[in-house]
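Work through these short exercises with the model in view. Try each task before you read its solution.

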Amino acid sequence: MYETISKLHPTISTLLLGLFFWLKPKASIKSDIHFSYYDDNQDVGLMKAMLFASLLEIVAVHVLLIFLKPSWSLPAFILGFLGFIYVIGILKSWKHSPVKVDIRNGVIETCWGFSNKHTVPFSSIRNISKPKDSQELRRDKEYVINVFLAEPNIALNLIENSNLPIKSIHMVLDNPRDFERAIEDHLKPSDTAA
């Protein structure tokens with residue numbers, strides 16, 4: 001069921017995963033190496049605080065509306081519940097959709113939950129570097145920033161004539177150095193840069 005959910009529109013996938021939060025993703029192929037972005041990501045703390053605030057909001061607004069506008073109580077509850085489920089879905093999707101290095105096929109699958117999915121061939125990578133200031137890059141559509149508020153700790157810079165319409169993918173990974181080591185042997189020696 002997880003595979004079906006993950007193939008839907010990102011918003012629907014996130015809502016369904018929040019609703020069916022106990023689902024486990026399909027086991028990966030042995031040649032794949034996964035890199036999580038859940039443990040050291042400050043955005044996780046933000047989302048957990050949003051869960052708590054959402055619970056308070058659901059209760060407070062629901063009780064208030066029962067007394068003030070009873071007809072609005074049910075729609076407000078449904079919207080609050082959907083928001084709560086959506087945040088759970090975001091957290092679960094981050095945990096269960098790691099960045100994947102597929103050595104056998106020579107590609108990296110970057111993602112941010114069910115959003116910002118890109119399949120990047122090793123041949124399209126110019127270098128790996130420390131990211132630039134993400135505040136400047138957030139306005140430029142040629143840069144993908146896979147975080148909310150946290151600062152990325154690694155950037156995949158792509159060659160100019162790659163088939164992807166972007167210049168760079170900036171991510172937060174729990175082990176950025178291990179990620180770099182996993183693919184540096186498969187890139188041209190002159191192209192890797194820390």
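**Exercise 1.** Is W22 buried or exposed?

*Solution.* Start with the source: this is a predicted model. Next, take the relative accessible area of W22, which is 51%. The cut-off for exposed is over 50%. W22 is therefore exposed.

**Exercise 2.** Classify the aromatic pair that F21 and W22 form.

*Solution.* The ring centres of F21 and W22 lie 5.4 Å apart. Their planes meet at 80 degrees. Planes over 60 degrees apart count as edge-to-face, so F21 and W22 form an edge-to-face pair. Now add accessibility: F21 has 44% and counts as partly exposed. Finally, widen the view: F20, F21 and W22 make up one aromatic cluster.

**Exercise 3.** Describe the pair of F77 and F81.

*Solution.* First, locate the residues. Both sit in helix 4, 4 residues apart, or about one turn of the helix. Then read the geometry: 6.3 Å centre to centre, with 15 degrees between the planes. This pair is stacked. Last, check accessibility. F77 is partly exposed at 34%, and F81 is partly exposed at 35%.

**Exercise 4.** Which element gives the largest share of the largest nonpolar core?

*Solution.* The largest nonpolar core has 35 residues. Among those with the most contacts inside it are W94, I108 and F179. Elements giving two or more residues include helix 3 (42-68), helix 4 (70-96) and strand 3 (107-112). Helix 4 supplies the largest share, 6 residues. Now look at W94: its contacts include Y37, M47, W112 and F148.

Note on methods: Residues numbered from 1 in each chain as written. Predicted model: local features only at pLDDT ≥ 70, side-chain atom pairs only at ≥ 80, totals over all residues. Heavy atoms only, no water. Core = buried A, V, L, I, M, F, W, Y, C linked by side-chain atoms within 4.5 Å. Buried < 20%, exposed > 50% of the residue type's maximum accessible area, 1.4 Å probe, protein only. Contact = heavy atoms within 4.5 Å. Phe/Tyr/Trp six-rings, centres within 6.5 Å; stacked < 30°, edge-to-face > 60°. Lists of a residue's contacts leave out its neighbours within four places in sequence.
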